[in-house]
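Colleague: I'm new to this one. Could you pick a single part and take me through it slowly?

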Amino acid sequence: MSVQASHLLCKHTESRNPISRRTGAQITMSKADAHAELTAIHAQLSSLTGQELVDAFSKAALARSDCGSFRNNGDLGPFGRGAMQKPFEDGTFSLSIGQMSGIVDTDSGLHLILRTA
């Protein structure tokens, strides 16, 4: 079984590779500050559903995500079990299509995940 998801990655100083793929800059944001930023983004998006959520999430990922997938509006394409870090995989597989996660913590940083298929 495979899923498809988009995500918004907010790296912090404790991330395993604290360099933003969007800006190329060294990350100086603390984990607490990254968490606060994602909490605010989550609050802005959480009242949306359907295409409105997809569009707003895509726009937020393009503008803010520290993952190279920002170029694709956060879209990671389809993936199966074992392809992603365990917390990210578990978070994605637990979502229904069209559902957004809370904050998911991995070695890469903090994520918001939107399951798209």
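Modeller: Sure, and one bit of vocabulary to start: buried means under 20% relative accessible area, exposed over 50%, and partly exposed in between, using a 1.4 Å probe and protein chains only. Bear in mind that this is a predicted model, where local features need pLDDT of at least 70, side-chain atom pairs count only at pLDDT 80 or more, and totals for chains, interfaces and linings use all residues. Residues are numbered from 1 along each chain as its sequence is written, and side-chain values use heavy atoms, leaving out hydrogens and water.

Let's look at helix α1, residues 31-45. Helices (H or I, at least four residues) and strands (E, at least two) are DSSP runs, numbered from the N terminus. The 15 residues of α1 reach 21 Å from first C-alpha to last, close to the 21 Å expected at 1.5 Å a residue (that is, 1.5 Å times one less than the number of residues).

Its buried residues are Ala 34, Leu 38, Ile 41 and Leu 45. They sit on the same side of α1 because they cover an arc of only 60° around the axis, taken from the directions from the helix axis to the C-beta atoms. An α-helix has 3.6 residues a turn, so residues three or four places apart point the same way. Over on the other side of α1, Ala 32 and Ala 43 are exposed.

What lies over the buried side? The cover for the buried residues of α1 includes β1 (2-10), α2 (50-64) and β4 (109-115), with contact meaning heavy atoms within 4.5 Å. Phe 57 belongs to helix α2, and Leu 45 is among the residues that Phe 57 touches. Phe 57 is itself buried, at a relative accessible area of 0%.
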